[in-house]
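Please read the paragraphs below with the sequence and the 3D view open side by side. They begin at the ligand and work outwards to the whole chain.

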Amino acid sequence: MTDAKYLQLQGISKHFGAFTALDKVDLAIRRGEFVCFLGPSGCGKTTLLRIIAGLESQSTGSILQGGRDISVLPPADRDYGIMFQSYALFPNLSVSENVAYGLVNRKQPRAQIAARVEELLRLVGLPGSGAKFPAQMSGGQQQRVALARALATSPGLLLLDEPLSALDAIVRVHLRNEIRSLQRQLGVTTIMVTHDQEEALSVADRIVVMNHGVIEQVGTPMQVYREPASAFVANFVGKVNRLRAVAEGDHWYRVGDKRLRCLPDADPGCNAGREVSLYLRPEDRVVDGLREDDPLRCAGRVRSVEFHGANCMAEVDVDGIPDQSMQLQFSLNQMDEFNVHEGGMVHFALRADRLRVFPTAVA
Ligand SMILES: Nc1ncnc2c1ncn2[C@@H]1O[C@H](COP(=O)(O)OP(=O)(O)OP(=O)(O)O)[C@@H](O)[C@H]1O
Ligand SMILES: [Mg+2]
C-alpha cells in the first residue's frame, strides 16, 4: 500500500432493485487528502459514503483502506469517524458523554476518557462545554460536538455527509474553514459529501464530481473549474455560458457570424459541420485594454444587470450572435469604468483560450 492509495474503491456498484445508484465506481484517495463528493441530489454521494463506512453494502466491488480489504467488514471493525447533516447527537446525553461515546465503547479508563474529551472540545473551539446538553447549543455548536465525537478515536478516515448544510450561511463558511484547518492540523484523510459547489471548491484538495451514479471527473478545484471533463461538470460547477456553434475543422468554430479558434487541449477535435456547445465562463472576456483590431471583439446590448456585491452579472445580447444571450461578469469598478448599465452597449472580446468544446448530443 502506498500513501497515494490509502483508500481504494474498485468497481463499486449499488443496485436498489432495478435501480442503479452507483455504477462501477473506481477511486483512489491519498493519505491525508481532503476529498469532496460533489453532485446533484440523488447522484449517489451518500450511498457511496455509507458503503465506505459499511453502513450499506455494495452490490459489487471492493474497498481497501490502508492496504486492508474492508469490503465486507462491519462498521465497528472499520477505522473511521462519521458526521451527518444534523440532529445526530444523542439528546439525552451531555456534550461530554456524546463525545466520549466511541471511547467508552473501547473500554478506556475513565480519567483518560475525560482528558481526551476535554482535548477534543478544545480542538473544536468548545472548551468547558462538556456539561451542556445538545438542546442548549446552537446548530453550529452541535456540529462542532459531532465533529469532536467523530474524531474521538483518532480514526484514519473522517467521513462527513453534508455536515454544514443545515447551518446558516455565515456559520457554514466559518465552520467549513475550521474543519479544513483542523483536518490539515490532524492530517486525517477526509471525505466530505456536499452538493454546494462553492463549499467543495473552497475546501477540497480534490473534488469528485458525480452524476447519476458515476464519476464525471476527479480533479483539483482548479482543474474541475477550468478544465471540466464533461458538459455536465462545466454546467454544474460555476456559472457558464453555453454557445451553440458549428465546427469548421482545425479547432475553428462558428458562432453566429463570429469565428473562434479553441486551444487544441480544450477541444475533442470535431469534424467540420458538427454541432457543438462551446462553454465560456462569464469572467472569460476582456474589457480592459481591449484592442480595436481584436478579431474576437464583440459589441452587445445589456439586457439586464444582476447585482451580486463586488461583482455584477450582465446579460448581453451580442451583435452577430443571434438568439442566444451571454452572461458576462463585471466587477463593480468595471461597471463604473465602462459604464455598463441596462439598455447600454458594452464592448469586450471573448477569451477563446478559455473556451471548452463539447459535442452536442445527437437527438
Ligand atoms: N435504501 C434505498 N432504497 C432505494 N433507493 C435508494 C435507497 N437509498 C438511496 N436510494 C436511491 O439512490 C439514489 C442515490 O441516493 P443518495 O442518497 O446516495 O443520493 P445523494 O447524492 O446523497 O443525494 P442528496 O444530495 O439528496 O443527499 C437516489 O436515487 C435514491 O433515491
Ligand atoms: Mg445525500
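In this predicted model, a backbone N or O atom of Gly 44 lies 3.0 Å from an oxygen atom of ligand 1. Two side chains also place polar atoms beside the ligand. For Ser 41, a polar side-chain atom is 2.5 Å from an oxygen atom of ligand 1. For Thr 47, a polar side-chain atom is 2.5 Å from an oxygen atom of ligand 1. The protein buries 59% of the 640 Å² that ligand 1 exposes when taken alone.

The shell around ligand 1 holds 13 residues, and those that come nearest are Ser 41, Gly 42, Lys 45, Thr 46 and Thr 47. By residue class, the shell consists of six polar, five nonpolar and two charged residues. Which elements each supply at least two residues of this shell? They are strand β2, residues 19-29, and helix α1, residues 45-53. Of the contributors, α1 gives the most, with three residues.

Helix α1 deserves a separate look. Seven of its nine residues are buried, so the helix is largely enclosed by the rest of the structure. The buried positions are Lys 45, Thr 47, Leu 48, Leu 49, Ile 51, Ile 52 and Ala 53. Two of these names have appeared already: Lys 45 and Thr 47 are among the residues that come nearest to ligand 1. Just after the helix, Gly 54 takes a positive phi of about 80°.

Next, consider a residue in a strand. Gln 8 is found in β1, which runs over residues 7-16. Is Gln 8 buried or exposed? Its relative accessibility is 18%, and because buried means under 20%, Gln 8 counts as buried. Its contacts, apart from neighbours within four places in sequence, are with Leu 27, Ala 28, Ser 62, Ile 63 and Leu 64. Leu 27 and Ala 28 fall in β2 (19-29), one of the elements that supply the shell around ligand 1.

Further along the chain is helix α2, residues 95-104, in which Val 95, Asn 98, Val 99, Ala 100 and Leu 103 are buried. What do the buried residues of α2 pack against? The partners are two helices, α3 (110-123) and α4 (139-151).

The remaining points concern the chain as a whole. The domain assignment gives domain 1 as residues 7-233 and domain 2 as residues 239-359. Taken over C-alpha atoms, the centres of the two domains are separated by 39 Å. Eight residues from domain 1 and six residues from domain 2 take part in the contact. By these bounds, helices α1 (45-53) and α2 (95-104) both belong to domain 1.

In secondary structure, the protein chain has nine helices and 20 strands. Its C-alpha trace spans about 75 × 45 × 35 Å along the principal axes. There are 363 residues, of which 47% count as buried. The accessible surface comes to about 17,200 Å², with 50% of it belonging to carbon and sulfur atoms. Among contacts with a separation of 6 or more, 66% are accounted for by residues 24 or more positions apart.

How values were computed:
Residues are numbered from 1 along each chain as its sequence is written. Chains are lettered from A and ligands numbered from 1 in the order in which they are written. This is a predicted model: local features need pLDDT of at least 70, side-chain atom pairs count only at pLDDT 80 or more; totals for chains, interfaces and linings use all residues. Side-chain values use heavy atoms; hydrogens and water are left out. A residue is near a molecule or strand if one of its heavy atoms lies within 4 Å of it. A polar contact is a pair of N or O atoms within 3.5 Å; within protein, one must be able to donate a hydrogen and the other to accept it, and residues adjacent in sequence count only if both atoms are side-chain atoms. Accessible areas come from the Shrake-Rupley method with a 1.4 Å probe; for residues, only the protein chains shown count as cover. Helices (H or I, at least four residues) and strands (E, at least two) are DSSP runs, numbered from the N terminus. Ala, Val, Leu, Ile, Met, Phe, Trp, Tyr, Cys and Pro count as nonpolar, Asp, Glu, Lys and Arg as charged, and the others, Gly among them, as polar. Buried means under 20% relative accessible area, exposed over 50%, partly exposed in between (1.4 Å probe, protein chains only). Contact means heavy atoms within 4.5 Å. Domain bounds come from an automatic or database domain assignment.
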